[in-house]
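This report looks at how the chains of one assembly meet. It takes the contacts between copies and the sheet that the chains share in turn.

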Protein chains: 6
Amino acid sequence: MPYINIRVTDEQLTKEQKQKLIAGATQLVVDILDKNPETTHVIIDEVPIDNWGVKGVQYSTLKK
Amino acid sequence: MPYINIRVTDEQLTKEQKQKLIAGATQLVVDILDKNPETTHVIIDEVPIDNWGVKGVQYSTLKK
Amino acid sequence: MPYINIRVTDEQLTKEQKQKLIAGATQLVVDILDKNPETTHVIIDEVPIDNWGVKGVQYSTLKK
Amino acid sequence: MPYINIRVTDEQLTKEQKQKLIAGATQLVVDILDKNPETTHVIIDEVPIDNWGVKGVQYSTLKK
Amino acid sequence: MPYINIRVTDEQLTKEQKQKLIAGATQLVVDILDKNPETTHVIIDEVPIDNWGVKGVQYSTLKK
Amino acid sequence: MPYINIRVTDEQLTKEQKQKLIAGATQLVVDILDKNPETTHVIIDEVPIDNWGVKGVQYSTLKK
């Protein structure tokens, strides 16, 4: 019954990319931990680029 | 001082439903753990249905 | 398919208290949002009292 | 390699306030824990005021 | 710069299983989203089986 | 009423370092966002070094 939370910057992920992330992350815990996919949840959070920082700087600034 | 995070798919919860969730979750930790409601926080996250998967499939597809 | 995360200070919750929290939180989303309990997950995190602060002060100090 | 998540009610934080939070939180772990800012991530979540409750009441109601 | 949090019940994962989860989850965001592995973080949380519930019941009870 | 979660690798933080993190993080949201410290919560999670990966590799291996 794993719960997997993937947080990425919000840069227009397509519906297909999200589906691939969900399928891939679920397969990981099935393959490595023998978990049941029926109860495996994956949640993708898309974070605005002004709201994510690394090295002390907003990602919206780093990208420039 | 509990912190309670409720994550649900984004399907147009009403303001009243949210208020009931907040009141109910707070009451739970008051009743069961004798916590102080003054410092009990409840946060509801509404997750887009393309961003939540179970069984390796997006909820937006599962619903069909 | 809600996911509910309850974070409390680690003060020797009994197994029975945890079961009550899990049952109660699940019932909340069944009653208020008509969610399916089969796919509702509740996770309780017990946080050491040196690791939780409010008002800028460790809970281990506040309790004294 | 700390990960810092700051959750606040959504009340129109400016881009500059967010930058200050990111810089300040990063500096904290550099100063206190001697962490490397290069791999320190800060994420700010802005939560709608109907979705955050304290004392069992929605923040949108408490504010009135 | 994704952040991936994998929460599973605490059932004696080996160090090797954890390494496989970390490598696999990182590869996912590299392959699907073209993210930089240098700044991709994966955190595994092992949750005691009394603290995780599904269907309103503790996992420690469900397993019996 | 901010909620701040600081996740670091578990490397024997002292009680004093934790207190400084809690005080500093609280002060940040007071200074920058004019938040009330009374309802500001800070939680520090110490993550085992086998459970945190970056660049696809466990931190316990990276440190060697």
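Across the interface of chain F and chain D there are two salt bridges. One of the salt bridges pairs D:Lys35 with F:Glu11, at 3.4 Å from N to O. The model is a predicted one. Nine residue pairs across the interface of chain F and chain D are in polar contact, with both residues at pLDDT 80 or more.

Which elements of chain F give two or more residues to the side that touches chain D? They are β1 (3–9), α1 (15–33), β3 and α2 (59–62) of chain F. The largest share comes from α1(F), with nine residues.

Chain F gives 25 residues to the contact, and chain D gives 25 residues. About 2100 Å² is buried between chain F and chain D. Carbon and sulfur atoms give 77% of that area. On the side of chain F, the residues that lose the most area to chain D are F:Met1, F:Ile32 and F:Leu33. Together they make up 28% of what that side buries.

**Symmetry of F and D**

A turn of 180° and a shift of 0.0 Å along the axis lay chain F on chain D, with an RMSD of 0.0 Å. F:Asn5 has the C-alpha nearest the axis in chain F, 2.6 Å from it. Both copies use the same surface: 100% of the contact residues of chain F recur in chain D.

**The pair E and A**

Chain E can be laid on chain A by a turn of 180° and a shift of 0.0 Å along the axis, and the RMSD is 0.0 Å. The two copies are therefore related as by a two-fold rotation axis. Which residue of chain E comes closest to the rotation axis? It is E:Asn5, with its C-alpha at 2.6 Å. The same surface serves both copies here, as 100% of the contact residues of chain E recur in chain A.

In this pair, 25 residues of chain E are in contact with 25 residues of chain A. The buried area is about 2100 Å², and 77% of it comes from carbon and sulfur atoms. E:Met1, E:Ile32 and E:Leu33 lose the most area to chain A within chain E. Their combined part is 29% of what that side buries.

Two salt bridges are counted between chain E and chain A. A:Lys35 and E:Glu11 form a salt bridge, with their closest N and O atoms 3.3 Å apart. Nine residue pairs between chain E and chain A are in polar contact, both residues being at pLDDT 80 or more. On the side of chain E that touches chain A, β1, α1, β3 (52–54) and α2 (59–62) of chain E each supply at least two residues. α1(E) gives the most to that side, with nine residues.

The table sets out the salt bridges named above.

| Chains | Salt bridge | N to O distance |
|---|---|---|
| E and A | A:Lys35 with E:Glu11 | 3.3 Å |
| F and D | D:Lys35 with F:Glu11 | 3.4 Å |

**The shared sheet**

An open sheet of eight strands runs through four chains in the order β4(B)-β3(B)-β2(A)-β1(A)-β1(E)-β2(E)-β3(F)-β4(F). Its pairing is mixed. β4 (57–58) of chain B and β4 (57–58) of chain F stand at the edges. Each has a single partner strand, so one side of each is left without a neighbour in the sheet.

Strand β2 (residues 41–47) of chain E and strand β3 (residues 52–54) of chain F run antiparallel and are joined by three bridges. F:Val54 in β3(F) is the bridge partner of E:His41.

Helices pack on this sheet. Helix α1 (residues 15–33) of chain A touches β1 (3–9) and β2 (41–47) of chain A, β3 (52–54) and β4 of chain B, and β1 (3–9) of chain E. Its direction makes about 140° with that of β2(A). Helix α1 (residues 15–33) of chain E lies across β1 of chain A, β1 and β2 of chain E, and β3 and β4 of chain F. This helix of chain E runs at about 140° to β2(E).

**Chains that do not meet**

How far apart are the nearest C-alpha atoms of chain B and chain E? They are 14 Å apart, and the two chains do not touch. Chain A and chain F are not joined by any contact either. Their closest C-alpha atoms lie 14 Å apart.

How values were computed
Residues are numbered from 1 along each chain as its sequence is written. Chains are lettered from A and ligands numbered from 1 in the order in which they are written. This is a predicted model: local features need pLDDT of at least 70, side-chain atom pairs count only at pLDDT 80 or more; totals for chains, interfaces and linings use all residues. Side-chain values use heavy atoms; hydrogens and water are left out. Two strands pair if DSSP finds at least two bridges between them. Contact means heavy atoms within 4.5 Å. Axes are lines fitted to C-alpha atoms, for helices over the stretch in contact, and angles run from 0 to 180 degrees between N-to-C directions. Copies are superposed by least squares on the C-alpha atoms of residues with pLDDT of at least 70 in both. Buried area is the accessible area (1.4 Å probe) that two parts lose on being put together, summed over both. A salt bridge is a side-chain nitrogen of Lys or Arg within 4 Å of a carboxyl oxygen of Asp or Glu. A polar contact is a pair of N or O atoms within 3.5 Å; within protein, one must be able to donate a hydrogen and the other to accept it, and residues adjacent in sequence count only if both atoms are side-chain atoms.
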